[in-house]
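Colleague: I have some time before my next gel, so could you walk me through this model?

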Amino acid sequence: MSLSDATPCDTMLSKQPLKSEDIISLLIFWGLAVLLFAQFFSRYILSASLGWSEEIARYLLILLAFSGASIASRNDAHIGVTLLHRYLPIKTLSMTKLFIAMLNLTVVLLLTFYGVQIALSLQVYTLASLSISISWVYVLMCVCLLLMGARSWLVVVANWRLVCNTFKPAVDQL
């Protein structure tokens with residue numbers, strides 16, 4: 001069994017249905033595109049800028065980054081140093097990939113925990129340009145982090161199975 005067999009890769013090029021992260025990212029992306037077009041149109045055509053649009057666009061871009069990170073978690077495609085992967089034995093490599101996946105899951109869970117704490121502590125504060133609580137931005141980031149955590153858990157499970165299959169004796173050796 002090779003390492004690529006156990007990774008949970010499903011790309012948009014394959015004919016898979018859209019996943020929750022894809023739908024969220026598409027909605028955020030097109031919302032951002034419409035908002036920026038409205039800002040451009042109002043500023044340069046109507047000569048009356050939408051003052052609130054820049055702040056909302058900034059927060060939508062942040063949310064787009066978090067939802068994109070969730071897609072990268074699902075595809076097991078976060079960036080990493082792969083120089084040693086060429087030289088490590090398969091057993092060591094599978095253990096290393098499991099450790100990295102568990103470390104990634106730990107970081108995502110910590111980010112979610114602290115994001116919830118920040119969202120709860122910022123409930124009384126509003127955005128600078130609108131009377132909307134800034135905690136909504138952190139709540140939506142936490143939703144994306146929860147999706148990323150769920151996908152990271154699936155990567156940990158896939159890597160655990162890979163480690164288990166790597167350490168099983170081959171049937172023909174028995």
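Modeller: Here is a conversation through the fold, the charged pairs and a few single residues, bearing in mind that this is a predicted model.

Colleague: Start with the basics, then: how many helices and strands does the chain have?
Modeller: The chain has four helices and zero strands, and when it is read along the sequence the pattern is α-α-α-α.

Colleague: And what share of the residues is buried?
Modeller: Of the 174 residues of the chain, 33% count as buried. The accessible surface comes to about 11,500 Å², and 72% of that area belongs to carbon and sulfur atoms.

Colleague: What about contacts across the sequence, how many join residues at least 24 apart?
Modeller: If you take the contacts between residues at least 6 apart in sequence, 73% of them join residues at least 24 apart.

Colleague: I like charged pairs. How many salt bridges does the structure hold?
Modeller: There are four salt bridges in the structure. One of them joins Arg74 to Glu21, with the closest N and O atoms 3.5 Å apart. Because Arg74 lies in helix α2 and Glu21 in helix α1, that pair ties together parts that are 53 residues apart in sequence.

Colleague: Is Glu21 buried or exposed?
Modeller: Glu21 is buried, with a relative accessible area of 1%, and its partner Arg74 is buried as well, at 4%.

Colleague: Which other arginine forms a salt bridge with Glu21?
Modeller: That is Arg151, whose salt bridge with Glu21 has its closest N and O atoms 2.7 Å apart. Arg151 lies in helix α4 while Glu21 lies in helix α1, so this pair ties together parts that are 130 residues apart in sequence. Arg151 has a relative accessible area of 18%, so it counts as buried, given that the cut-off is under 20%.

Colleague: Which residues are linked in that network of salt bridges?
Modeller: The network links Glu21, Asp22, Arg74 and Arg151.

Colleague: And what does Glu54 pair with?
Modeller: The side chain of Glu54 meets that of Arg43 in a salt bridge, at 2.6 Å from N to O. Since Glu54 is in helix α2 and Arg43 in helix α1, the pair ties together parts that are eleven residues apart in sequence. Here both partners are partly exposed, with Glu54 at 43% relative accessibility and Arg43 at 33%.

Colleague: Changing topic, what should helix α3 span, and does its geometry agree or disagree with that?
Modeller: Helix α3 covers residues 90-121, and at 1.5 Å a residue its 32 residues should span 46 Å; the end C-alpha atoms are 47 Å apart, so the two values agree. Helix α2, residues 53-74, can be checked likewise, because its 22 residues should span 32 Å and its end C-alpha atoms are 31 Å apart, which also agrees.

Colleague: What comes after α2?
Modeller: α2 is followed by Asp76, which has a positive phi, near 50 degrees.

Colleague: Back to α3, what do its buried residues pack against?
Modeller: They pack against α4. Among the buried residues of α3 are Leu93, Leu98, Leu105, Val108 and Ala119, and the set also includes Ser94, Lys97 and Thr112.

Colleague: Ala119 caught my eye; which residue in α4 can you tell me about that touches it?
Modeller: Ser135 does, and, leaving aside residues up to four places away in sequence, Ser135 touches Ala119, Leu122 and Gln123. Ser135 is found in helix α4, which runs over residues 135-167, and it is buried, at 7% relative accessible area. The side chain of Ser135 also makes a polar contact with the side chain of Ser133, at 2.8 Å.

Colleague: What does Leu32 touch?
Modeller: Not counting residues up to four places away in sequence, Leu32 touches Ala57, Leu60, Leu61 and Leu64. Leu32 sits in helix α1 and is buried, with a relative accessible area of 9%. Its C-alpha atom is separated by 9.4 Å from that of Tyr59, which is 27 residues away along the chain.

Colleague: Last one, which residues make the nonpolar surface patch?
Modeller: Phe37, Phe40, Phe41, Tyr44, Ile45 and Leu46 make a patch of about 680 Å². One of these residues, Phe40, lies in helix α1, residues 20-44, and is partly exposed, with a relative accessible area of 46%.

Notes: Residues numbered from 1 in each chain as written. Predicted model: local features only at pLDDT ≥ 70, side-chain atom pairs only at ≥ 80, totals over all residues. Heavy atoms only, no water. Helix = DSSP H or I, 4+ residues; strand = E, 2+ residues; numbered from the N terminus. Buried < 20%, exposed > 50% of the residue type's maximum accessible area, 1.4 Å probe, protein only. Polar contact = N/O pair within 3.5 Å; in protein donor to acceptor, adjacent residues only side chain to side chain. Contact = heavy atoms within 4.5 Å. Patch = residues over 30% accessible without salt bridge, like charges linked within 9 Å, V, L, I, M, F, W, Y side chains within 5 Å. Areas by Shrake-Rupley, 256 points an atom, 1.4 Å probe, with all protein chains shown as cover. Expected span 1.5 Å × (residues − 1).
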